[in-house]
There are 2 protein chains.
Amino acid sequence: MTSQRASFRTIRDELSRRIAERIWLPGTLIPGEEALAEEFGAARATVNRALQELARAGILERKRRAGTRVALHPVREARFVIPRIRQEIEGRGSEYQYRLLSAEETDAPEVICARLSLLSKSGMLHVRCLHLADRVPYQYEDRWINLNTVPDARRADFKSMGPNEWLVGHAPFSNAEFTFMAGAASADEASLLQVREGDPVFIGERITWMKGQPITLAHLVHPSSHRMVTHL
Amino acid sequence: MTSQRASFRTIRDELSRRIAERIWLPGTLIPGEEALAEEFGAARATVNRALQELARAGILERKRRAGTRVALHPVREARFVIPRIRQEIEGRGSEYQYRLLSAEETDAPEVICARLSLLSKSGMLHVRCLHLADRVPYQYEDRWINLNTVPDARRADFKSMGPNEWLVGHAPFSNAEFTFMAGAASADEASLLQVREGDPVFIGERITWMKGQPITLAHLVHPSSHRMVTHL
DNA sequence: GACTTAATTATGTATATACATATGTGAATA
DNA sequence: TATTCACATATGTATATACATAATTAAGTC
């Protein structure tokens, strides 16, 4: 009998503890909301909130009429912040520099169209640029922007501001896909990132949509010293 | 005046729409809970729930007395499922195979101790194994397990079951750190993963703790064809 | 027995109300 | 002017109550 003062936090943490310490094993049907409410001396709504949070975190599974049980295969998931390059670099205490390499309206190659499920290959803006931390190459960005969705990008000035920074302010997205992989530096990438051709690089690829319409595809290449870290 | 039936979902989605469509620009102070409650014909508690969800998603910032405003720098974050190798491979429709390479109780090298903030280098179990998808090498795992925290691991049989699978069932963790990076395959890794030495590899590193006590450090190496994908 | 229907039950959501808490604002004070 | 303090106010949380909804169980029907 816990005689804590009622709070969805204390309840959540206590239940969480019972699961972590295997007092309630995976698969166990735990007491109903009413029962827990009585145990903790709280209202059912308060217990409900605690349980919903744990369910959302994936450590409980709830079903009407069937009750709440400890997740058998806790689909643990971790979060990572979607990096915005300037903040990422400045957050590490480095000075951020930016260099535009090229920006031209041109037809997109087949691969890019396929990746974005585009029917027409025209009306695409191809931007290449380099992001540096304390004057050292940090990320090479190769980006395609769909001018049919974001026509304003034609008039954007990418000389002083990176395309991501511009897009954040002008074209919000509703959906995104992130891919991370390892690759070997091409000759171009190698010279820009000051590594040797064939050296391993860390690649992030990002596609964003607004209501089903593809906005942009970004190919982001880091030297292999780069680390993506996240906590749970 | 929206004449929807009250529901925290409809309210949440409508507010979300107003922000996505830039009716409320970043930084805008949006109406208070009372006002929104009246607009939607709902109770304040219902509006509160909608607002809290949006705040949690990072698109609103709320402060007592100061009100709620559209986040200026929406700290968007994406989630990725913490992969469990067997499920990951079987989920792709491939057959999973497992091969234990070595398992021995030995002193941990300096690097490992430092990474885990360990004072004593003794009482560590070093396990090396290979995970395959359809008989093709998929991931090489090099893991250190802290026997001081998980003494049962001494009696675990890693011949038929991977250490991660065993740990999931025997040693829950409260905290974890994930690192992703690119690297070049060492001679060992290359021969095990059937790539050439120096070829790029995708590396995941995972450290887990239970209440501050380090449990395990896993070094997970994939051939460069590997992709880590996540959606938002 | 197979199928349909109704009752039961645990969770899901909405609401009014009350009080807690953080934090701007402005008044009172030094 | 600067500092302190009390007050106002928007959000945060808890509660009782009511009803909705999904899913299981039991009862009824052919």
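Mentor: A residue is near a strand if its C-beta atom, placed from the backbone, lies within 6 Å of that strand. Please keep in mind that this is a predicted model.

Trainee: With that criterion, which residues come nearest to DNA strand D?

Mentor: Around DNA strand D there are 24 residues, and the nearest are Ser7(A), Ala42(A), Ala43(A), Thr46(A) and Gly32(B). At least two residues of this surface come from each of H3 of chain A, H3 of chain B and strand S3 (67–70) of chain B. By class, the surface near DNA strand D holds eight nonpolar, seven polar and nine charged residues.

Trainee: Which residues are closest to DNA strand C?

Mentor: DNA strand C is surrounded by 24 residues, with Gly32(A), Ser7(B), Ala42(B), Ala43(B) and Arg65(B) the closest. Here helix H3 (44–56) and strand S3 (67–70) of chain A, and helix H3 (44–56) of chain B, each give at least two residues to the surface. The surface near DNA strand C divides into eight nonpolar, seven polar and nine charged residues.

Trainee: How should one read the packing of helix H2 (residues 33–40) of chain A with H3(A)?

Mentor: One considers the angle and the separation of the axes. H2(A) and H3(A) pack at an angle of about 110°, with axes 8 Å apart. Angles of 65 to 115 degrees count as roughly perpendicular, which means that H2(A) is roughly perpendicular to H3(A). On the H2(A) side the contact involves Glu33(A), Glu34(A), Leu36(A), Ala37(A) and Phe40(A), and on the H3(A) side Arg44(A), Val47(A), Asn48(A) and Leu51(A). Five of these residues are nonpolar, one is polar and three are charged.

Trainee: How many residues of chain B are in contact with chain A?

Mentor: The size of an interface is often given as the accessible area lost when the parts come together. Here one may count residues instead: 32 residues of chain B contact 33 residues of chain A. On chain B, strands S4 (77–81), S8 (175–184), S9 (200–210) and S11 (227–231) each give two or more residues. S8(B) has the largest share, with 10 residues. This side of chain B comprises 19 nonpolar, eight polar and five charged residues.

Trainee: Do strands S4 of the two chains run parallel or antiparallel?

Mentor: S4 (residues 77–81) of chain A and S4(B) run antiparallel and are joined by five bridges. Within S4(B), Ala78(B) stands opposite Phe80(A).

Trainee: What turn lays chain B on chain A?

Mentor: A turn of 180°, with a shift of 0.0 Å along the axis, superposes chain B on chain A with an RMSD of 0.2 Å. That is the relation of a two-fold axis. Moreover, 100% of the interface residues of chain B are also interface residues in chain A, so the copies meet through the same surface.

How values were computed. Residues are numbered from 1 along each chain as its sequence is written. Chains are lettered from A and ligands numbered from 1 in the order in which they are written. This is a predicted model: local features need pLDDT of at least 70, side-chain atom pairs count only at pLDDT 80 or more; totals for chains, interfaces and linings use all residues. Helices (H or I, at least four residues) and strands (E, at least two) are DSSP runs, numbered from the N terminus. Ala, Val, Leu, Ile, Met, Phe, Trp, Tyr, Cys and Pro count as nonpolar, Asp, Glu, Lys and Arg as charged, and the others, Gly among them, as polar. Two residues are in contact if their C-beta atoms, placed from the backbone, lie within 7 Å. Two strands pair if DSSP finds at least two bridges between them. Copies are superposed by least squares on the C-alpha atoms of residues with pLDDT of at least 70 in both. Axes are lines fitted to C-alpha atoms, for helices over the stretch in contact, and angles run from 0 to 180 degrees between N-to-C directions. Angles under 35 degrees count as roughly parallel, over 145 as roughly antiparallel, 65 to 115 as roughly perpendicular and the rest as oblique.
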